[in-house]
Amino acid sequence: MSPSAFLIYIMPVFVTFFAANAQNVPNASAPLVSDEVQFKEVSEGVSVEAEHFFKQLETDVRKWYVISENKSVKVGRDDDPPHCFRASNNSYIEILPDERVTHSDKLVRGVNFSNEARKLGVLCYKVYFKNTGRYYVWVRAFSTGSEDNGIHVGIDGKWPESGKRMQWCEGKNGWTWASKQRTKDEHCGVPGAIYLDVLKPGIHIVQFSMREDGFEFDKFILTKDSTFVPTGLGLETAVHSGELPVPFPIVKPPKATVSYFNTIGAALPENKVIASHEFPVEDTRFYRHGKNWLAVNPHHFKNAQTSTEFNFESGVYDLVFVGVGENDGSSTFTVWIAGEELGTYSPPMSDQMFEEGERFNTTWKNVSIKKGDMITVLAKVGTDGHEFTRARWAGIIFTPAGKGRSIQKAASTFYPN
C-alpha cells in the first residue's frame, strides 16, 4: 500500500477516534442531569443542588460553570479561588467571566450586570409540586465582595417582582443562606420578600438568572413555611423521577499561609494586636499549641488563667476576642480589664477539628482602656459528652471604636500554622 493510500485508509479511523475521545473531555457548563430528572418536595420543602440544572438559556454573554475538586474553570477573569470546601455535594456553580469584581470596575448592563431578570445565564430545574401556594425561596451562596451577591428567580418563564434582586450582605467569605430582596430603601434586602406562587400542582420549571457576574451558587430551597430558616447544608434532596449523578469527591479544608487572626489583625493600620502567645504560660496551666494558639490540656486541667499589660495608647476601642472553634464542645472564656470583668464568651462548635473564623469571635464595643491596664483571660474547657475541648484561642485585637465588626471579614483557617 502506498503512503498516500495508507493515509486515506487511516484518516477516517483517526477522525472517529478523536471525535469519540473529545466527547470524554468534561464540559463544565453542560448539564449534569437529563430533562427527565424532577425534584420533589418533602415535609419541609424542595431542596435542589445548583449544579443539577437540566438546561441553560441566554448563554452568549455569560454561562454558569460547575466548580468541583477545588479546581478553577478558566473562562476570562475570575479573581477569587474556588470555594468547594463546605459546599453541598462538594461542588457549586459560578457565572463567568467575573469582570465586575469591585465597585471601581465598570458596570456594563447586559454584560456583567442585569437588573432585569431572564436576560443572562438562565438556569432551569424541573420540580414536581404536590401542593399549591406560596413558596419562599432560600439560596446558599458564597460572596466575597459587593459585586457578586445578587440573582433573580422565576418559574415557568415568568419572573414575578417577588423573585427579583435576591441580595446578600452578611456572611461574606463563607457559604451563607439568604432570602432577602434588595429594594431602593434597603440595599441589603428585605427578609421574606423572595417567593414564588405555585397555582397548580404538578411539574413546573424553576429558573434562576444572573444579576451580577461572579455569583457563586450552591443550593436552593423552596418552602411554604415562612418561619423556616435553613442551616448548614440545608435539606436533603428528594427526586420524583430520574437519576442524579454520583456526588463529587470530598474536598479537604484549604491550608492558609497566613492565619485568620493575623489577617484581620492587619486589616487596619490602627489595630493594636496581642496574640495569645504574647501572654505568659508559666504557672498559668496554658501551653502553646502550634504557632498561633494557647490551649489547656484537659487531661491535667479544666481551666487556665493568664494576664499581660496593655502597652498601647490609652483610648476607647472595640475589643475582638478571636476564639477557636473545636469539634468536641464549646469552651468558655472570661476577659477582665484592670480587674473589672468585661464579659464571658463561648465559641460555637466547629465541624472541623479546630477552626478560626468570624463565627468563633466575640466583640465588646466601646471598651475604655488605659496604657498599663492588665488584661486577664480565664479559659475553661468544654465537652460534647464524649471528649473535651482544649480551650484554644488566638488572641485579642483592639480596633478603633465602630470597626470591630468590619475587620472580621476574612476567610477561615483550619489548622495552626
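Which element gives the most to the lining of the largest pocket? Strand β10 does, with 3 residues. Before I turn to that pocket, a word on the model.

This is a predicted model, in which local features need pLDDT of at least 70 and side-chain atom pairs count only at pLDDT 80 or more, while totals for chains, interfaces and linings use all residues. Residues are numbered from 1 along each chain as its sequence is written, and side-chain values use heavy atoms, with hydrogens and water left out.

I begin with the empty space. Rolling a probe the size of a water molecule over the atoms shows where such space is left. The search runs on a 1 Å grid over the protein atoms alone: a cavity is a set of points where a 1.4 Å probe fits but cannot get out, a pocket is an open set with protein on both sides within 12 Å along at least five of seven lines, and lining residues have an atom within 4 Å of a point. Grid points are joined across faces, edges and corners, and a volume is the space filled by probe spheres set on the points.

The largest pocket has a volume of about 1200 Å³. Its lining comprises 43 residues, of which R86, N173, G174, W175 and S412 lie nearest the centre. The elements that give two or more residues to this lining are β7, β10 (175–178) and α2 (260–265); helices (H or I, at least four residues) and strands (E, at least two) are DSSP runs, numbered from the N terminus. By class, the lining divides into 19 nonpolar, 16 polar and 8 charged residues. Here Ala, Val, Leu, Ile, Met, Phe, Trp, Tyr, Cys and Pro count as nonpolar, Asp, Glu, Lys and Arg as charged, and the others, Gly among them, as polar.

The second largest pocket holds about 290 Å³ of space. Of the 18 residues that line this pocket, W138, W177, A178, S179 and K180 lie nearest its centre. Two elements, β7 and β10, give two or more residues to the lining, and β10 gives the most, with 3 residues. The classes here are 9 nonpolar, 6 polar and 3 charged.

The structure also holds 1 cavity of 30 Å³ or more, with a volume of about 40 Å³. I67, S72, V73, D78, D80, P81, P82, Y92 and E94 line the largest cavity.

Next, the nonpolar cores. In soluble globular proteins, nonpolar side chains tend to be buried together. A core is a set of buried Ala, Val, Leu, Ile, Met, Phe, Trp, Tyr and Cys residues joined through side-chain atoms within 4.5 Å; buried means under 20% relative accessible area, exposed over 50%, and partly exposed in between (1.4 Å probe, protein chains only). The largest core has 42 residues, and Y125, V139, F208 and F217 touch the most other members. Strand β6 (residues 122–129) gives the most to this core, with 6 residues. Beyond its neighbours within four places in sequence, F217 is in contact (heavy atoms within 4.5 Å) with residues including W64, Y92, Y125, V139, R140, W175 and F208. A second, separate core of 25 residues includes V296, F333, V335 and A379.

How many salt bridges does the structure hold? There are 16, each being a side-chain nitrogen of Lys or Arg within 4 Å of a carboxyl oxygen of Asp or Glu. R140 pairs with D218 at 2.7 Å, N to O. This pair links distant parts of the chain, with R140 in strand β7 (residues 133–142) and D218 in strand β15 (residues 216–223), 78 residues apart. Both R140 and D218 are buried.

E358 and K409 form another salt bridge, their closest N and O atoms being 3.1 Å apart. E358 lies in the loop between β25 (354–355) and β26 (361–369) and K409 in the segment after β28 (393–400), so the pair ties together parts that are 51 residues apart in sequence. E358 is partly exposed at 27% relative accessibility, and K409 is partly exposed at 30%. In addition, R62, E99 and D213 are linked in a network of salt bridges.

I close with the backbone. Most residues other than glycine have a negative phi, and most peptide bonds are trans. The peptide bond from L96 to P97 is cis, with omega near 0°, and P97 is found in the loop between β5 (91–96) and β6. E69, in the loop between β4 (63–68) and β5, has a positive phi near 55°. D156, in the loop between β8 (150–155) and β9 (166–167), likewise has a positive phi near 55°.
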